[in-house]
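Open the model in your viewer and keep the sequence panel beside it. This tour moves from stop to stop, with something to select at each one.

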Amino acid sequence: MNWLSGSQGVVLTAYHPSSKDGALVGNNAKQGEEAALTRSGQYTMNHESSKKVAEKPPFDRSSSQDSLDDLSLEDYWTELENIKKSRENRHEEQEEVVVKEPDEGELEEEWLKEAGLSNLFGDCAGDSQESMVLLSTLTRTQAAAVQKRVETVSQTMRKKNKQYQIPDVRDIFAQQGESTEKVPYGSELESVGTNENKYKEKHDLASNFGISEKNSPCLPEDVPVSETDINLEISFAEQAANLKETSKEKPLENKEEYNSLPSFRLPKDKTGNTRIGDLAPQDMKKVCYLALIELTALYDILGIELKQQKAVKMKTKDSGLFGVPLSVLLEQDQKRVPGTRIPLIFQKLISRIEEGGLETEGLLRIPGAAVRIKNLCQELEAKFYEGTFNWESVKQHDAASLLKLFIRELPQPLLSLEYLKAFQAVQNLPSKKHQLQALNLLVILLPETNRDTLKALLEFLQRVIDNREKNKMTVRNVAMIMAPNLFMCPGLSIKPNEQGEFVMAAGTANVMHFLIKYQKLLWTIPKFIVTQVRKHNSENHKKDKKDKAMKKLLKKMAYDREKYEKQDKNPSDADVPQGVIRVQAPHLSKVSMAIQLTEELKASDVLARFLSQESGVVQTLKKGEVFLYEIGGNIGERCLEDDTYMKDLYQLNPNAEWVIKSKPS
């Protein structure tokens, strides 16, 4: 049966840049040109070492391109040339998309919708209780970012004489302020401390918004912070505002060494770090709202414009392999392999490359033959889902070229059209730490399918780099080769001038370098955002808006507990005394256990006690497949890392249930 028959077009909503510098489709430069990134604050061409370089004029450098110091962009330009040849050989005809400049206020209105605040205006303006709860968790810098957008939308609505309710910013936050005054939750934030003097100017703004002082902690002055430490307990924007306030005489600028990227690290957190994928969907949705508000606040503080792209409609394929939206591709793949999160063709191409050995010199750099790649694409489209494609005919460099082609031809970029420009703008942030913080938030904001596929790609690229001694592919080489494949957008041929082209090349290669080097850190959800989610949930519980799904889960857990305790109950288990938690494990031999909390008890210790009750074979199978979860109380559901100290977490969420289970596929 031919799975690819009857292909028709569908219409998707996509996003396109609203300004000239939105898409990266550079003009091809001659191979062998060398660019030196100077430390004087400019990109200049090395006239002494090469006469060819004189063809390109010097121009201002972006402050973040330090990681490419003394390194030519030859690999980048070579990759662009290979992409151009590939397109010519495939006779691709890209339809020009007419990008309409957004009307005043449209982007801000879209932003409020994406931030979960759409019911502050329009037909739903009267039903804004959920938004009030969200607003009650915001820091002062976050509140300022929201206020700026609400005011713009309100002014636009008045100009257009919209017929629905137009909110007044003061009215919105006056309502929200009433609830924040009564909120006792947030002891974690309170413990960090505040500094009213450093935030005197913002205090009045925060008061207008009804934002509590405890939502905006400052860095304690007497605690030295290592430059390699990433503080996840305090809002990134608040940290930037604090640094800016204490450095009024010295404007923020990048004074870091240009030779290499530092080894950023996460300080240990006794309540455990939270990774993307650890939270329940309802909590992850709140995380995304807060991440967008925080990212916008950070960019506002640092003086960088952040605009989401303008939505337009474009036709895309609804079946096949290349040029198919990730969501459509996964939908058809999950019919064949239920639960798969990465496109099957993407997985197979990576597998084929690794079968040839990652020690191959020039892997990813050397392209496959253009004619052969074209023929392989046609064969794959016809035979991949039928299972009749001959993978033995695919050479290693061909598989690498096909992988890059797959990424490049996605109708919506892997980094998403919505946030592609924001990823590009990372290069303009004043320090590496700010760049890393922004990328952390942007990764959280990616659609789940894009994020999962990006993670698989970055893990593969790291494995390639791990063999750099033999394949001669350093992280910088790989970053320069992959950057044009991730940042080019088909059909949007807005061409920058040579100056803009070079800045874009160096900047996107630098962002790619960050994504590869710090990928483990980038998939961590900042603790201050998780704390805001906890506060949001606590407020909802106070208003008797408990999640129905959680009630059902807890009811089932209570039933399972009663059922199994009848056959495995002893007098000491009848009541759980203070300082003891009851852990449920409905899928293990020991389904329930009372565990005494101690200062040193970790999540891994709890798991070990349960698994020690299993037989040898089952124990081996279960280890690494089951995890301890914190469920209910002020969190929907959270998978705990092994190093989580249970007593500290219990004190943070005393009403939680504790369950051992496997992660959902």
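Helices here are DSSP runs of H or I with at least four residues, and they are numbered from the N terminus. Keep in mind that this is a predicted model.

**Stop 1: a pocket**

Select helix 16, residues 448–465. This helix gives the most to the lining of the second largest pocket, with 4 residues. The pocket's volume is about 820 Å³. Its lining counts 27 residues. Now add I276, G277, D278, L279 and K663, the lining residues closest to the pocket centre. Other elements also give two or more residues to this lining: helix 9 (281–301), strand 10 (626–632) and strand 11 (635–639).

Stay on K663 for a moment. K663 lies over the face of F627, at 5.5 Å from the ring centre. Then look for K270. It lies over the face of Y645, at 5.0 Å from the ring centre.

**Stop 2: closed cavities**

How many cavities of 30 Å³ or more are there? The count comes to 3. Go to the largest cavity, which holds about 90 Å³ of space. To find it, select T271, G272, K527, V530 and R638, which lie nearest its centre. They are among the 14 residues that line this cavity. Next, colour helix 21, residues 527–542. Helix 21 gives the most to the lining of the largest cavity, with 4 residues.

**Stop 3: strand 8 and its partners**

Select residues 580–584, which are strand 8. Is this strand mostly covered or mostly open? It is mostly covered, with 5 of its 5 residues buried. Turn the strand to see each face. V580, R582 and Q584 are on one side, I581 and V583 are on the other, and all are buried.

Now add strand 9, residues 592–596. It runs antiparallel to strand 8, and 5 bridges join the two. Use I581 as a marker: it stands opposite I595 in strand 9.

Then add strand 12, residues 657–662. Here the pairing with strand 8 is parallel, over 2 bridges. Pick Q584, whose bridge partner in strand 12 is V659.

**Stop 4: aromatic rings**

Show the side chains of Phe, Tyr and Trp. The structure has 10 aromatic pairs. Start with F322 and F406. Their ring centres are 6.4 Å apart and their planes stand at 70 degrees, so the pair is edge-to-face. F322 lies in the loop between strand 6 (310–317) and helix 10 (326–334), while F406 lies in helix 13 (residues 396–408), so the pair ties together parts that are 84 residues apart in sequence. Are these two rings' residues buried or exposed? F322 has 3% relative accessibility, so it counts as buried. F406 is buried too, at 1% relative accessibility.

Move on to F384 and Y385. This aromatic pair is also edge-to-face, with 5.1 Å centre to centre and 65 degrees between the planes. Both F384 and Y385 are buried. Add F389 and W391 to the selection. With F384 and Y385, they form one aromatic cluster.

**Stop 5: cysteines**

How many disulfides does a search of the whole structure find? It finds 0. Two cysteines are worth selecting. C288 is partly exposed, with a relative accessible area of 22%. C639 counts as buried, at 3% relative accessibility.

**Stop 6: three single residues**

Select L442 in helix 15, residues 432–445. L442 is buried, with a relative accessible area of 0%. Draw a line from its C-alpha to that of A422. The two residues are 20 apart in sequence and 7.8 Å apart in space.

Next, select L364, in the loop between helix 11 (344–355) and helix 12 (370–383). Its phi is near 80 degrees, a positive value in a residue other than glycine. L364 is buried, with a relative accessible area of 1%.

Finish at K472. It lies in the loop between helix 17 (468–471) and helix 18 (475–487). The phi of K472 is positive as well, near 60 degrees. K472 counts as partly exposed, at 44% relative accessibility.

Key
Residues are numbered from 1 along each chain as its sequence is written. Side-chain values use heavy atoms; hydrogens and water are left out. Buried means under 20% relative accessible area, exposed over 50%, partly exposed in between (1.4 Å probe, protein chains only). Two strands pair if DSSP finds at least two bridges between them. Rings of Phe, Tyr and Trp (its six-membered ring) pair if their centres lie within 6.5 Å; planes under 30 degrees apart count as stacked, over 60 as edge-to-face and the rest as tilted. A charge sits over a ring if NZ of Lys or CZ of Arg is within 6 Å of the ring centre and within 35 degrees of the ring normal. A disulfide is a pair of cysteine sulfur atoms within 2.5 Å. On a 1 Å grid over the protein atoms alone, a cavity is a set of points where a 1.4 Å probe fits but cannot get out, and a pocket is an open set with protein on both sides within 12 Å along at least five of seven lines; lining residues have an atom within 4 Å of a point. Grid points are joined across faces, edges and corners, and a volume is the space filled by probe spheres set on the points.
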